[in-house]
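Subject: Structure for your review

Dear colleague,

I am handing over the structure below, and I would be grateful if you could look through it alongside my notes. The notes follow after it, grouped by topic.

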Amino acid sequence: MTSQNHGPSDASAVRIGALVPLTRPGWVEAGRHLLAGLELAVDEVNDDGGIAGRPLELVVRDTAADPQKATAAVAELARLGVAALAGEYHSVVARAAAAEADALGLPFLCSSAVLDGLTEEPTERVARIAPAQSHGWRIYADFLLGAGHSHIAVAAEPSVYWASGTRILRDHLAPRGGTVTELDLRALTPAAVCDELADNGATALLLLAGFPEPAVPIVKAVRSDQRLAEIMIGAPAGQPEFTEWSTLLGDDSAAIPFLRYLPERLGPLGLRVETALRERLAEAPSFVAFEGYDTVAVLADMLRSHGPDRTRLAASWPHVAVEGTRGRIRFSRTPGISVWQWAWPPTQVVDRDPAQPDRFRILHVG
């Protein structure tokens, strides 16, 4: 059961608040996949008798990639009596939501945001399904080195998330003789990015930039510049995961490696959920849809065991052991991470196959 109105549709329902980017400048396609996973899992919980006979209801709020909008949504959902909070894709938005949820005593299971410092201080109330950025991006740096790329350029927009990514890459590459050159997208047009690349000797350009703008114009510019024929383009944040990427870029969408959080082969639960998600989305589900499903699977298990009391739920993260679509989910305290963390979801570096851009090739497994 899903509700996007301002009140419950069933007075007996156990409610979970869901934060999802559904309008621009949020990454709308990621939001659609995240919501599909959340909703599928809620429907399955209710088909199976709900929470101790009570229906589970998802109360959805659009964050539109806006931290202030997310903070207001968390406060509203807390007033509406949700037992817990789920979702969010954008790291900077999830960080604002986590701070508000923590302040209000509301348990929050973050689905997709990877920023290591999801909260300023360690908290008992927030947990995360997605891996921390430092984990995934180190795996990506290992892939770069293995593929012969030690001199990297990053085309970066200003944000705590992109700055954190640049720092992780630099810290991992520098001891191995690698370098990272930053190209500031506030100051450079796509053509100027190409000029800088032609001069600085980097063999790979990483897109630490929003989608579709300015990532798509940069890819087009680099791909059409004869001087840069040998440059590899990469997108560790996963921009090429979604169909819109290949729609906007066509043949230029392929051979751009990115991180995704799926196993090499799905087990029986993963395969069943993949089929159901494909029907809902009318396309192949992204890893973000699986993150959404797993989030509700965990919260439903906690609600069955501990009831909808927020304090009891927040105390139960270390006792979770749930079979998710991508492996067994348990939460632990991980050095440098301020929230309860699933350490770790399966992690791959993949790209779209130039011979068949709707097919993904696994290039590296972390």
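To begin with a question: in which loop is the place of tryptophan 344? Tryptophan 344 sits in the loop that runs between strand S14 (340-341) and S15. Please keep in mind throughout that this is a predicted model.

The reason for starting there is the backbone. Alanine 343 and tryptophan 344 are joined by a cis peptide bond, for which omega is about 0°. A cis bond is also found from glutamate 213 to proline 214, here with omega near -5°, and proline 214 belongs to the loop between strand S9 (204-208) and helix H7 (215-223). As background, most peptide bonds are trans, and most residues other than glycine have a negative phi.

The second half of that background bears on two further loop residues. Alanine 65, although it is not a glycine, has a positive phi of about 60°, and its place is in the loop between strand S3 (56-62) and helix H2 (67-79). Glutamate 88, likewise not a glycine, has a positive phi of about 70°, and this residue lies in the loop between strand S4 (84-87) and helix H3 (91-104). As to accessibility, alanine 65 is partly exposed, with a relative accessible area of 25%, whereas glutamate 88 counts as buried, because its relative accessibility is 0% and the cut-off for buried is under 20%.

The two helices that follow these loops, H2 and H3, pack against each other at an angle of about 30°, with their axes 8 Å apart. H2 is therefore roughly parallel to H3, since angles under 35 degrees count as such. Their crossing is right-handed. On the H2 side the contact involves Pro67, Ala70, Thr71, Val74, Ala75 and Ala78, which meet Val92, Val93, Ala96, Ala97, Glu100, Ala101 and Leu104 in H3. Sorted by class, the contact of H2 with H3 comprises 11 nonpolar, 1 polar and 1 charged residues.

Returning to the region after tryptophan 344, which strands make up the open sheet, and in what order? The open sheet has 3 strands in the order S11-S15-S16, and their pairing is antiparallel. Strand S11 (258-260) and strand S16 (356-365) are the edge strands, each of them pairing on one side only. From one strand to the next, the twist averages 45°. Strand S15 (residues 348-353) runs antiparallel to S16, and the two are joined by 6 bridges.

Within that pairing, valine 350 has isoleucine 362 in S16 as its bridge partner. Is isoleucine 362 buried or partly exposed? Isoleucine 362 counts as partly exposed, because its relative accessibility is 38% and partly exposed covers the range between under 20% and over 50%. Leaving aside residues up to four places away in sequence, isoleucine 362 touches Glu264, Gln348, Val349 and Val350. Of these contacts, valine 349 is 13 residues from isoleucine 362 in sequence, while the two are 6.2 Å apart in space, C-alpha to C-alpha.

When you open the model, I would suggest viewing the cis bond between alanine 343 and tryptophan 344 together with strand S15 (residues 348-353) and its pairing with S16, and then turning to the packing of H2 and H3.

With best regards

Note on methods: Residues numbered from 1 in each chain as written. Predicted model: local features only at pLDDT ≥ 70, side-chain atom pairs only at ≥ 80, totals over all residues. Heavy atoms only, no water. Pairing = 2+ DSSP bridges. Helix = DSSP H or I, 4+ residues; strand = E, 2+ residues; numbered from the N terminus. Axes fitted to C-alpha atoms, helices over the stretch in contact; angles between N-to-C directions. Buried < 20%, exposed > 50% of the residue type's maximum accessible area, 1.4 Å probe, protein only. Contact = heavy atoms within 4.5 Å. Parallel < 35°, antiparallel > 145°, perpendicular 65-115°, else oblique. Left-handed = near helix turned anticlockwise from the far one by under 90°. Nonpolar A, V, L, I, M, F, W, Y, C, P; charged D, E, K, R; others polar.
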